[in-house]
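Welcome! Take a moment to look over the chain and its ligand, then work through the exercises below at your own pace.

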Amino acid sequence: MSLDAYIAGLPKAELHLHIEGSLEPELMFELAQRNGVAIPFDSVEAVRAAYDFSNLQDFLDIYYAGANVLLTRRDFEDLAFAYFRRAAADNVRHAEIFFDPQTHTDRGVPFGVVAEGLIAGMDRAKAELGVTSGLILSFLRHLSEAEAFATLEMARPYLHHFVGVGLDSSEVGHPPSKFQRVFAAARELGLKLCAHAGEEGPPAYVHEALDLLHIDRMDHGNRSMEDEALVERLVAEQMTLTVCPLSNLKLCVVKDLKDHPVPEMLRRGLHVTLNSDDPAYFGGYVNENYRQLAAAVGLTREQVTQMARNSFEGSFMSEAEKAARVAEVEAYAAS
Ligand SMILES: Nc1ncnc2[nH]cnc12
Ligand SMILES: [Zn+2]
């Protein structure tokens, strides 16, 4: 069996996926029409042509504008279910997905419309596709601490639906320390904690995410590789890193996939997982991330299997559930 065919059939979890970043141009047009929202493009091809970014902020500007077509509960359900259908085709068996409530509440869309729509899509994914999932409320770090606290307050009626909180958006200039108290409050509420760190920001931000936010999982973490002691610490603490190769390429975090740090991360014993981040914008869902990275850096079948194992072990499922899912990976690898 070719490595590509092996990747296609490998059971895996996706742990770093922004649901708003799975909005394909076709669905963007459909929702724009359904809701009577104007978009600054006249064709699906024109939208795709605009997806040429030189850094994170370039992308974020377009990504937040794209989200304007999402207005109703049904829009969020359709968005979520479209992602799960596509993920299921990649043999994603479990996904822990981020959503950015502030992107919607700041436009006047009630928190409950967003949350209930996404939850309906997740319920359908479990019933119709057998894909399980968890929802992670992500704070926009370019906004204030007070706004993050207000968002956490809005989330209260839905808390039992969330597995954790995250921290995303423009990294440089918005260090984790800004959200130390919000993350402490989220932990008190029983939520798991993730943060984007070391995507564009320096290793000092990764240290802050560990020391001040006390994260359970790290999103990206690429720039940790610049700090030897930090790498040793991440290995010792068995921290899961949700790495996103095609995102890194499209946002110029790496110049070429051949330069991607994943092989070195694996060699050093870091708990790496592969994920798609914002697949509608970066040109590939999770299997495409595995395939293109494998082709560029020459991953072995064992390395690919290890990252699928890591994806379940690094999830926020129960220990029993994780063990059952890892056993499915082992059975596939042995078959
Ligand atoms: N890769 C990324 N980094 C920071 N914020 C994001 N929001 C969506 N994708 C993101
Ligand atoms: Zn991300």
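## Exercises with worked solutions

According to an unreviewed UniProt entry, residues 11–330 carry the annotation "domain: Adenosine deaminase". UniProt positions follow the numbering used here, feature names are shortened, and annotations may be inferred rather than shown by experiment. This is a predicted model, in which local features need pLDDT of at least 70 and side-chain atom pairs count only at pLDDT 80 or more, while totals for chains, interfaces and linings use all residues. Residues are numbered from 1 along each chain as its sequence is written, and chains are lettered from A and ligands numbered from 1 in the order in which they are written.

**Exercise 1. Describe the overall build of the protein chain, and decide whether its radius of gyration agrees or disagrees with that of a compact globule.**

Step 1: Begin with the secondary structure. The protein chain has 17 helices and eight strands; these are DSSP runs numbered from the N terminus, with at least four residues for a helix (H or I) and at least two for a strand (E).

Step 2: Turn to the annotated span. Residues 11–330 are 50% helix and 15% strand, and their end C-alpha atoms lie 10 Å apart.

Step 3: Check the dimensions. Along the principal axes, the C-alpha atoms fill a box of roughly 50 × 45 × 40 Å. The radius of gyration is 19 Å, which agrees with a compact globule because one of 335 residues would have a value near 20 Å. Here the radius is taken over C-alpha atoms, and the globule rule is 2.2 Å times the number of residues to the power 0.38.

Step 4: Look at the contacts. Two residues are in contact if their C-beta atoms, placed from the backbone, lie within 7 Å. Of the contacts with a separation of 6 or more, 76% join residues 24 or more positions apart.

**Exercise 2. Which residues have the most contacts inside the largest nonpolar core, and which helix gives the most to this core?**

Step 1: Set the burial scale. A residue is buried if 20 or more other C-beta atoms (placed from the backbone) lie within 10 Å of its own, exposed if 12 or fewer, and partly exposed in between. By this count, 48% of the 335 residues are buried.

Step 2: Find the core, meaning a set of buried Ala, Val, Leu, Ile, Met, Phe, Trp, Tyr and Cys residues joined through C-beta atoms within 7 Å. The largest one has 93 residues, and those with the most contacts inside it are Ile19, Ala80, Leu118, Leu193, Ala195 and Ala209. Helix H5 (residues 73–89) gives the most, with seven residues.

Step 3: Zoom in on Ala80. Apart from neighbours within four places in sequence, Ala80 contacts Ile19, Leu118, Gly121 and Met122.

**Exercise 3. Locate the residue that UniProt lists for "active site" and describe its surroundings.**

Step 1: The unreviewed entry lists Glu199. Glu199 sits in the loop between strand E5 (192–197) and helix H10 (203–211).

Step 2: Glu199 counts as buried because it has 22 C-beta neighbours inside 10 Å. Setting aside residues up to four places away in sequence, Glu199 touches Leu56, Glu171, His220, Asn222 and Val253.

Step 3: Add the ligand. Around ligand 1 are His18, Gly21, Leu56, Asp168, Ser169, His196, Glu199, Ser247, Asp277 and Asp278; a residue is near a molecule if its C-beta atom, placed from the backbone, lies within 6 Å of it.

Step 4: Sort this shell by class. It has one nonpolar, five polar and four charged residues. Ala, Val, Leu, Ile, Met, Phe, Trp, Tyr, Cys and Pro count as nonpolar, Asp, Glu, Lys and Arg as charged, and the others, Gly among them, as polar.

**Exercise 4. Where are His214 and Cys252, and what are their phi values?**

Step 1: Recall the usual pattern. Most residues other than glycine have a negative phi.

Step 2: His214 has a positive phi of about 55 degrees. His214 lies in the loop between H10 and strand E6 (217–220), and is partly exposed because 13 other C-beta atoms lie within 10 Å.

Step 3: Cys252 has a positive phi near 60 degrees. The loop between helix H12 (245–250) and helix H13 (262–267) holds Cys252, which counts as partly exposed with 14 C-beta neighbours inside 10 Å.
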